[in-house]
Each structure stands twice: as C-alpha cells, then as structure tokens.
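Dear colleague,

Please find below the structure that I am handing over to you. My notes on what was found in it follow directly after.

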Amino acid sequence: MDAGNVAWILTSSALVALMIPALALFYGGMVSSRRILNMMIMCFGGASLVALLWVAFGYSLVFGDSVGGLGLIGNPFEFAGLDQALVDDPDAGIPLALFAAFQLLFAGVTTALVAGAAAGRMKYGAWLLFAGLWATFVYFPIAHWVFAFSNDTATGGWIANTLGAVDFAGGTAVHMNAGVAALALALVLGKSKDWGGRLRPHNRPLVLVGAGLLWIGWYGFNAGSALAAGNAASVVFLNTTVAACAGLIGWSIVDRLRHGAVTSLGSASGIIAALVAITPACGAVSPIGAIIIGAIAGVVCCLAIEWKFRLGFDDSLDVVGVHLVGGIIGTLLIGVFATDAAPNGRSGLLYGGGFELLGVQTIATVAVLAYSFIVTWVIAKLIQITIGLRIPEEHEVAGIDEHAHAERAYEDEDLEARA
C-alpha cells in the first residue's frame, strides 16, 4: 500500500463526512425557524441508519460479486458484516476498511439529499423507514450498476462494465438518483399546507455557510474518487473548482436578468448546481469543458426550480431542480465535452468521438431515472397506506420541531413570529 494514497482517501473520507452536517446547514437555513431542527435531524438520522445497513449488507450488495453475472446486484452475503475489513491485505491499493468507509459516506449523503423534498411535513419515523427501504432497494442496486467494476475475481455492475458509461463520482447513482427519488416522494406526500406562499428561508447566512462547507466536502467526493493521490485527483480537483465558480456566475446572471438582483440564495444554489453537474464529468473533461458544464448547470437549474410551481409538485428545497436536472446535465454533456486527454480517457462529440458516448450516457440516464422513480414511488406509497407519511395538519401549521422533537431551535419569540 502507498501511504500517500491511504492518507489522501482518509482525508477525502473526512471531507465527504463533512457534507452531511453541511447539507443539514444548507437545508436548515432554507426552511422556516420552526422546521430547521427536523430538517437537520432528517439529514443526520437518514445517513446514520444507512451506515448501519451498509455494514450489515449494503457494501455486499454494492461491491459483492454480481448475482448470476447479470450486473444488477451484488451477492448480499459475500461481505455481510464486513469482517473482511479487519484483514490487512498488503496487495490492496487501499485498505478494504477505508474503501468501505469512503463509500458508506456516499450512501449516507445520497439518502440525506432526498430529505429536502419532505421538509416540514413528513413523520420522522416514516422518514427513517423510507430511508432504510430506499437505500436497500434503490441506492444499493444503482450503486452496484455504476460503482462496481469487474476484476479477475468478481463481476461488477452493468452500467460500469457492460454499457461502459462514464460517471466519475456519482452523477447517476447519487444526484440523479436522489433528485428523481425526491420527485417521487414529493408526489406521494402531497403539497405543504402553505405551498404556493413561497416561504422565505429563515437564515440565509446559514445557507451560505452550508454551501461553502459542501463545496469543501465535494473535493473529497470528487477528487477522492480517483482513489489515489496523483494526477487524476489533481485534474478532478481543478475541474471541480472552476465548475463551481462558473455555476455561481451563470445562476447570478439569470437572477439579475429575471429578477433585477443577484441573491445570496441564488449564488449558493449556483455553486451546488455546478458541483452536481461536474460530479460525473470531473475526470472526463478539460478545465474549459468544466467551466462550460458548470455555467450551463447554473443557468438551466436556475430556470428549472420554477417548474415545481408550474407543474404543481412541492419539492420544498429544490432537490429536483438542482440535483436531478444538474445530474442529467453533467452526465449527458460528458458525451459532448469528454476528451481522451482527461483521466477517463474517453472522447465525446466535440473531440472526435462521435455520438457513441452520448448514446451510452443517455441509456445510463434513462435507466437510473426510470428505476429510481418507480421503486421510490412504490416504497413511499406502501408507507403511506400502512403507517402514514404526513404529520397532522395542525402540527404542520404550527411547526414540526416542537411537536415531533419537543424542541425549538430559537427561544427568541420575536424571531419565531417573523419566521
């Protein structure tokens, strides 16, 4: 084992772990003061439950030898309990325990993202049940498709190997998956009682702090996915940086043209939208390509967040507009801007690769969206007709924090009256 690589993945894992509280702050700042605790606890609770499932069988479902060689799901018993992580294998690139922890955090962050569609109106117990079932039947299978590469002893997922799609760090398995799952959950949950009133974020500085910490954590998410401290991680680090900056500028321009002002919430959202889009493409494009993808994501996602009002679904914190749309943009544009000079070594339309890669990326996109939406909808519907999804209407109107968690985020009554 190379000590430098091990140190880098340890650092990257810590950065990805930072994304969970960062997301809680980002989401928490965007809801009312009577919903912030519930929103933050949903992020922490969902990620924590998934971590336990990951050790029990999740890692095995994702990285175990594909059942029947079909590339659909890993053997659930191969790594059950992760006892293999205790063995020191000097021939491994990094310790199994470290790789398992790194990927565990991916699963936790992805699940926490979905919570943004249910802000302020979902039972906490129902959320935990949903998170566990969703990770088991949606995230783990799709992660196997995308992240499990075949080797001499095991068959991996069909998207990574048979199809050969490019997804460096999770545009399909993480962002599109969470975004379309959020759409399905929002449709089953229904609209908030105050939907359409466009509740204002109660703490915009908190949103900016969360966005900044997410940006930092994203370096572990993207550059850490190189699984080595070398040129690939360095290129990805650069591409991630410039894309985020371009996303802020792109969103800000649309904000200024449409609303006459550049908003703090828009600037933060532009950064996140671009980071989402560059996630699958960060190892496939040049820095100029990363800037273009980031700018396009900032512009398109800014426009896309209005769709929920036109189409009538309550995606409270724009998981659909940012993560679903941004993930699609980044995944498909690999087929246009990929260059074989980048670490992934594939060429897209503008670099002489023709339409082949674009077609491959499209198939991966459609497959993930269809599977995630259908299975998520079924899971949410089953919970709805058994234990129920929604909190009582009076609790929703009064604020979920005090009723569900017996706490208030702020004791300042004047602040609460304004929220």
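By the pairing rule applied here, the count of aromatic pairs comes to 19. One of them joins Trp54 and Tyr59 in an edge-to-face arrangement, with 5.7 Å from centre to centre and 80° between the planes. Please bear in mind that the model is a predicted one.

Both partners of this pair are covered. Trp54 has a relative accessibility of 1% and therefore counts as buried. Tyr59, with a relative accessible area of 4%, is buried because the cut-off for that class is under 20%. The two residues also belong to a cluster linked by ring pairs, which comprises Trp54, Phe57, Tyr59, Phe63, Phe79, Phe99, Trp134, Tyr139 and Phe140.

Turning to the helices, H9 covers residues 264-281. Its 18 residues, at 1.5 Å a residue, should span 26 Å, and the end C-alpha atoms are indeed 26 Å apart, so the expectation and the model agree. Of these 18 residues, 16 are buried, and H9 is thus mostly covered. At the start of H9, the backbone nitrogen of Gly266 has a side-chain oxygen of Thr263 within 2.9 Å.

The same check was made for helix H13, which runs over residues 356-386. For its 31 residues the expected span is 45 Å, and the end C-alpha atoms lie 46 Å apart, which agrees. After H13 comes Gly388, whose phi is positive, near 85°.

The surface offers a further point of interest. A nonpolar patch is formed there by Ile288, Ile291, Ile292, Ile296, Val299, Val300 and Leu303, and together these residues have about 490 Å² of accessible area. One of them, Ile296, lies in helix H10, residues 287-304. Ile296 counts as partly exposed because its relative accessibility is 31%, and that class lies between 20% and 50%. As general background, an α-helix has 3.6 residues a turn, so residues three or four places apart point the same way.

Finally, I would draw your attention to Arg408. Where is Arg408 placed? Arg408 sits in the loop between helix H15 (400-405) and helix H16 (413-418). With a relative accessible area of 36%, Arg408 is partly exposed. Its side chain makes a polar contact with the side chain of Glu402, at 3.2 Å. Val320, by contrast, is 88 residues from Arg408 in sequence and 29 Å from Arg408 in space, taken C-alpha to C-alpha.

Yours sincerely

Terms used. Residues numbered from 1 in each chain as written. Predicted model: local features only at pLDDT ≥ 70, side-chain atom pairs only at ≥ 80, totals over all residues. Heavy atoms only, no water. Helix = DSSP H or I, 4+ residues; strand = E, 2+ residues; numbered from the N terminus. Expected span 1.5 Å × (residues − 1). Buried < 20%, exposed > 50% of the residue type's maximum accessible area, 1.4 Å probe, protein only. Polar contact = N/O pair within 3.5 Å; in protein donor to acceptor, adjacent residues only side chain to side chain. Patch = residues over 30% accessible without salt bridge, like charges linked within 9 Å, V, L, I, M, F, W, Y side chains within 5 Å. Areas by Shrake-Rupley, 256 points an atom, 1.4 Å probe, with all protein chains shown as cover. Salt bridge = Lys/Arg side-chain N within 4 Å of Asp/Glu carboxyl O. Phe/Tyr/Trp six-rings, centres within 6.5 Å; stacked < 30°, edge-to-face > 60°.
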